[in-house]
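Here are some short exercises to help you find your way around a new structure. Try each task yourself, then read through the solution one step at a time.

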Amino acid sequence: MKRALATALTCAGLMCAGATAALADPVEGTWKTQPGDTGGYLHVKIASCGSAICGNIDKAFDANGQVVSNYEHQGKKMLWDMGADGGGAYSGGKIWAPDADKTYNSKMTLKGSTLTVKGCVAVICRGQDWTRVN
């Protein structure tokens, strides 16, 4: 009887752990940045990296929406160490701005298909609203 109960509890625990691990964070996916000064924009692929959220530059586009095939920062990590706070809020991470080549302390807020990304260094802050691509 004890063995059957222990087996049932272990299996139930594994099912729960498996179900939790299979759920993706709602912020995961590909996001389009706002256009920069030249009209170009990026696609950033956001995914879990360990217990945090990270994002790499997936593609770059020019002002006409054409893929820039030789973009020097393609594949580079753009945000990292972001923690989910619940309710669509994320904080504790860093974001790198390719146009300024600066790294900022960052936080994000997810509302529907809009991801508001903000970063600050000392008292200087920047922010953008990104839109979900997929």
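**Exercise 1.** Decide whether Cys125 is buried, partly exposed or exposed in this predicted model, then do the same for the cysteine bonded to Cys125.

*Solution.* Start with the accessibility of Cys125: the relative value is 49%. Exposed requires over 50% and buried requires under 20%, so Cys125 counts as partly exposed. Next, find the partner: Cys120 and Cys125 form a disulfide, with their sulfur atoms 2.0 Å apart. Cys120 has a relative accessible area of 26%, so Cys120 is partly exposed. Finally, look at the twist of the bond. The torsion about the S-S bond of Cys120 and Cys125 is about 110°, so this disulfide is right-handed.

**Exercise 2.** Count the disulfides and work out how the bonded cysteines are paired.

*Solution.* Recall that a disulfide is a covalent bond between the sulfur atoms of two cysteines. The count here is two disulfides. Besides the bond between Cys120 and Cys125, a disulfide joins Cys49 to Cys54, with an S to S distance of 1.8 Å. Number the bonded cysteines in sequence order and the pairing reads 1-2, 3-4. Now check the surroundings of the bond between Cys49 and Cys54. Cys49 is partly exposed at 31% relative accessibility, whereas Cys54 is buried at 7%. Their S-S torsion is about 55°, so this disulfide is right-handed.

**Exercise 3.** Follow strand β8 (residues 124-132) and name the strands that pair with it.

*Solution.* Begin with strand β7 (residues 114-121): β7 and β8 pair in the antiparallel sense over eight bridges. Thr116 stands opposite Asp129 in β8. The hairpin of β7 and β8 has two residues between the strands, and Ala122 takes a positive phi near 55° there. Then turn to β1, which pairs with β8 in the antiparallel sense over two bridges. Here Trp31 stands opposite Arg132 in β8. Thr30 is found in strand β1 (residues 29-32), and a relative accessible area of 6% makes Thr30 buried. Leaving aside neighbours within four places in sequence, the contacts of Thr30 include His43, Val44, Thr131 and Arg132.

**Exercise 4.** Find the aromatic pair and say why the pair of Tyr41 and Phe61 is classed as it is.

*Solution.* The count comes to one aromatic pair. The ring centres of Tyr41 and Phe61 lie 4.8 Å apart and the planes meet at 10°, so the pair is stacked. The two residues come from distant parts of the chain: Tyr41 is in strand β2 (residues 41-49) and Phe61 is in strand β3 (residues 52-61), 20 residues apart. Tyr41 is buried, with a relative accessible area of 15%, and Phe61 is buried at 10%. One more neighbour is worth finding: the charged end of Lys32 sits over the ring of Tyr41, 4.4 Å from its centre.

**Exercise 5.** Look at Trp96 and identify the charged residue that sits over its ring, then a histidine that touches Trp96.

*Solution.* The charged end of Lys76 sits over the ring of Trp96, 3.8 Å from its centre. The histidine is His73, which touches Ile57, Trp96 and Pro98, not counting residues up to four places away in sequence. His73 lies in the loop between β3 and β4 (77-86). With 18% relative accessibility, His73 counts as buried.

Methods. Residues numbered from 1 in each chain as written. Predicted model: local features only at pLDDT ≥ 70, side-chain atom pairs only at ≥ 80, totals over all residues. Heavy atoms only, no water. Phe/Tyr/Trp six-rings, centres within 6.5 Å; stacked < 30°, edge-to-face > 60°. Helix = DSSP H or I, 4+ residues; strand = E, 2+ residues; numbered from the N terminus. Buried < 20%, exposed > 50% of the residue type's maximum accessible area, 1.4 Å probe, protein only. Lys NZ or Arg CZ within 6 Å of the ring centre and 35° of its normal. Contact = heavy atoms within 4.5 Å. Disulfide = S-S within 2.5 Å. Pairing = 2+ DSSP bridges.
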